[in-house]
Amino acid sequence: MRISEVALEDIKSYEDRTVVPIEGGVTAILGENGAGKSTIQEAIGFALFDSLPFNNKEFVREGASSGTVEVTFEQETQNGTERYRVVRSVGRSKYGVHRYDPGADEWIDQDIDSKQQLVEWLCARFDVEDGDELSSLWSSSIGVPQTRFLSDFSQTPRNRTATFDALLNLDAYEDSWERLKDVPAAIENQQQELRRDIDTLTGEVQGLPDERAEAESLADDVEAIEARIDQQTDELSEKQAEYEELEGVEADIEQLEQEVESLEQDIDSTESSLETAEEELSAAEKAQKKCEANRDGYRRYEEARERQDELAEQEDERDALIEERDDQEDTIQAIEFEVGQLEDDLEELEAARETLEAREAEKERYEELDGRIESLKDREDDVEALEEEIERLAEQIESKEREIEAKEETIAEIEDEWEATTDPETLSDEINDREANRKQLANERDRLEDQLERLQDTDVDAPCPTCDRPLNEDHRSKTIEQREARIEEIEAEREELAEELDALRERRDAARKVKQRVDKLPVHRETIESLEEEIEDLRAEKEETEAELADLEDELAELPELEAERDDLEEAYDEYQTAEFRVQDHADVPDELEAKRAELEEEQSALAEIEDELEQFEGLDEELAEVKDTLEETESAHRTYVKHEQQASQVEDRRERVEDLESELADLETELEETKTELEETKASFDEERFETLESDIEDLKGEIQRAKGTLGEKKENLQETREEIEWLEAKLEERQEKLQQVKELKADQQFADWVRDNVREAGPKMREIITDRIGSRANELFRSIRGASAETLEWTSDYEIVVHDADVRKSFSTLSGGEKMAAALAVRLAILEQLASVGVAFLDEPTANLDRQKKRNLVTQLKQLESFDQLTVISHDETFDSMTDYTITIEKDRQTSEVSVN
């Protein structure tokens, strides 16, 4: 992932919509404390990771009801690089995600309008399980708040384990062990339930043999009934065939009777239609005669109306020309007015050019003076700035001189202290000598105690275990007393040596601390040399600034004289400006005047052409009047002709219709006689008595078959029920076998679950050792690079404690100095981030507290070398980062509002 832009509106100290661009590589966000630097980091955590270290209301700018955060980022997907913009508001429910479409050059809404939908989308983007893991990823890894940067490592071992196990996902082992706790018992419960089910199933399948015998008997009955039904069905089919044949004859008789009736109706209908057709033919012939009588009047009316249409078109054309002539006269009048105005403007242009020529020299002198005056006025503020710079340089010189003085005092103190201190190596030799003496005394004491034990166990007259002489009671007693006395002396000597060793170790520890300070003397002396060089540079800069101030004050002394001369030339300058404006404003007047005059001639020529065209329409009104008289004269004849024209045109069609109906009537009468003859013949061939007998026999057979089918249905239903019962019992029998197999499998599962649970819990501490060792090794490389001290090494233990080894001194995190703590925490944090760098971005809030300039530079160098990250952002109030990082974003706060600038 790579964040490209953060936009804030009414968020904390950000008022109007403020856009913060973020580049790749290492970026520094700089500004004074309280300027609003951390707000940018908090906004990203809030929008992309649902993480905010305080109440949402505290995130809104004071006086505003709500605020909005927009974060734009890019991410590599299977489809290439996708670009998204996440929008989230505080104080109101506004959530949104938009994807950039480069083809359409637009942002496409992803239909996300609730917090739940947004968190689910973000979890899918960053490959985390849920919202809690998403928030933890930010607060514990990517954007660790400044307050937790060191405190996580200062916790108790138990709390450290809880914090970093969750961060490194090692708590999954303990969670898995806990979740698996109920698995063996659950498997045992399943076995008990299966055994109860098996007992129930055993009782249920006892009746399976009886059900199988009943099914076989019912199948035999069904087969016998089906054979009887087949026999009766064959007999029924024969009788039905004969019956259907007679039924067909009966149907033919009915059909012929219907045809006779239909033909008689068709003859009546045709006779009626013939009468109507003859009447319509007579009417059409009468209409035809009326049309012939009025044909000439109809023709003259049509010709007059056609001529009227042609004359109307000419009338429209003439009226359009008259309107065009009037418009043309208006256009000519307007152009003549514009020509007059342009002639006036031409006179002003010539006068203005004369003014420009006369005032040219005065104008140039005025501009020269004005530029010089403005330049000097702009530099008036530089006087105060230069004075402040001189004062600042003087204070820096004084401060660095005091710093040199303090360093020299420190060097003197260290040298005096070292002169009065014994070398820690000498003290180590003395400690080793005394430890060797204590060990020799312990060996002697052990040897004497062994001799005492043997003396006490040896019989009288046996060889003495210490000198091999014959042992008597007196010799035994004296020898024992000597040994016991020597043992007491040894214990006293060992106690005295122990006290001496404690004192020597304290002296050696103190001497080592002094030695550490002595080892730093070259650093102090180098610092003094560096400060002296800086003082020389500052003094040279101060001298240059003082010289620049003196030169500036000399130049400013000329200002009143220059202003007076410029004021004398102001009236001439104004006249020049006015003339110059008129020249620019009227520059096109000569060309425009010439063009307008040409346009006027063209328009006057066009008017003459229009007037010529109007002459051809003379006499148009008189001809229109004549055509109107003709229309009125022939209108009656035209109306009569139109009224009867359609009917007169149908004479031939109606005559043909009469002839067709006469022919159709003759055909129908012939067909009627033929159909009556066929009907009589069909009636003679029908045996009505046999038809009724067959109908009775068919009904009896159908009743017998129906009763047999009813019995068959009952038998089949019983057979089906019995077979279903058998199938159910066989399924129960199979289920019983499956449950017996499941009991065997669950026993094996229970043993495996116990084994898995034990191994899962044991794997957690082992994985913690592996991961802390790997991260600790990388953290040690980073720590030594940041510190620049080859003698120091860092260890991150399996209980997440940071330990620093300096030569043979082991220092826990709580005993480290501020700079050592910050360097160690930074090293471990960066190593963890590399381990968890799937997101590819990280934010470090004030990571350089207590680090000197060189260690800051070492840190930035390491940050640039971290290849696992596309972006690393350092938030700091230390401006020294400006020259170290790839990009710098500066935050300044003016009147409670944060302003952003990018370098």
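1. A salt bridge is counted here where a side-chain nitrogen of Lys or Arg lies within 4 Å of a carboxyl oxygen of Asp or Glu. By that criterion the structure, which is a predicted model, holds 45 salt bridges. One of them can be followed at the level of single residues: the side chains of Arg299 and Glu303 meet with a nitrogen-to-oxygen distance of 3.2 Å. Both Arg299 and Glu303 belong to helix 9, where they are four residues apart, about one turn of the helix. Side chains of opposite charge can pair when their charged atoms come close.

2. The N-terminal part of the chain is best read from its sheet. This is an open sheet of six strands in the order 2-1-4-5-6-7, and the pairing is antiparallel. Its edges are formed by strand 2 (18-21) and strand 7 (106-109), each of which pairs on one side only. From one strand to the next, the twist averages 25°. Strands of a sheet pair through backbone hydrogen bonds, either parallel or antiparallel.

3. The individual pairings within this sheet can be checked one at a time. Strand 4 (residues 67-77) and strand 5 (residues 80-90) are joined in the antiparallel sense by 11 bridges, and Val71 has Val86 in strand 5 as its bridge partner. Strand 1 is joined to strand 4 by seven bridges, again with the two strands running antiparallel, and here Glu9 has Thr68 in strand 4 as its bridge partner. On the way to the edge, strand 1 pairs with strand 2 over four bridges, also in the antiparallel sense, with Ala7 standing opposite Val19 in strand 2.

4. Two helices lie across strands of this sheet, and their directions deserve a separate look. Helix 1 (residues 37-49) lies across strand 1 (2-9), strand 2, strand 4 and strand 5, and its direction makes about 70° with strand 4. Helix 2 (residues 115-126), by contrast, lies across strand 4, strand 5 and strand 6 (95-101), running at about 150° to strand 5.

5. What does Tyr100 touch, once its neighbours within four places in sequence are left aside? Tyr100 sits in strand 6, and its contacts beyond those neighbours are with Arg83, Asp105, Glu106 and Trp107. For a sense of the distances spanned by the model, Tyr100 and Ala312 are 212 residues apart in sequence, and their C-alpha atoms are 65 Å apart in space.

6. The next point concerns how helix 9 packs. Helix 9 (residues 295-378) packs with helix 16 (residues 589-614) at an angle of about 160°, and the two axes are 9 Å apart. Since an angle over 145 degrees counts as roughly antiparallel, helix 9 and helix 16 are therefore roughly antiparallel to each other. Helix 9 passes helix 16 in a left-handed crossing. By class, the residues of this contact divide into 16 nonpolar, three polar and 15 charged.

7. A second helix pair invites the same reading, with another outcome for its orientation. The axes of helix 10 (residues 380-419) and helix 12 (residues 473-519) come within 10 Å and cross at roughly 140°. Because the roughly antiparallel class takes angles over 145 degrees and the roughly perpendicular class runs from 65 to 115, helix 10 and helix 12 are therefore oblique to each other. Their crossing is left-handed. On the side of helix 10, the residues that meet helix 12 are Thr410, Glu413, Ile414, Glu417 and Trp418, and they face Ala511, Val514, Lys515, Arg517 and Val518 in helix 12. Sorted by class, this contact has five nonpolar, one polar and four charged residues.

8. The final point concerns a sheet further along the chain. It is an open sheet of three strands, with the order 8-9-10 and antiparallel pairing. Strand 8 (792-796) and strand 10 (809-812) are the edge strands, each pairing on one side only. With direction ignored, neighbouring strands of this sheet are turned by 25° against each other on average. Strand 8 pairs with strand 9 (residues 802-806) in the antiparallel sense over five bridges, and Leu794 stands opposite Val804 in strand 9. Helix 20 (residues 818-835) packs on this sheet and touches strand 8, strand 9 and strand 10, its direction making about 55° with that of strand 8.

Technical notes
Residues are numbered from 1 along each chain as its sequence is written. This is a predicted model: local features need pLDDT of at least 70, side-chain atom pairs count only at pLDDT 80 or more; totals for chains, interfaces and linings use all residues. Side-chain values use heavy atoms; hydrogens and water are left out. Two strands pair if DSSP finds at least two bridges between them. Axes are lines fitted to C-alpha atoms, for helices over the stretch in contact, and angles run from 0 to 180 degrees between N-to-C directions. Contact means heavy atoms within 4.5 Å. Angles under 35 degrees count as roughly parallel, over 145 as roughly antiparallel, 65 to 115 as roughly perpendicular and the rest as oblique. A crossing is left-handed if the near helix is turned anticlockwise from the far one by less than a right angle, and right-handed if clockwise. Ala, Val, Leu, Ile, Met, Phe, Trp, Tyr, Cys and Pro count as nonpolar, Asp, Glu, Lys and Arg as charged, and the others, Gly among them, as polar.
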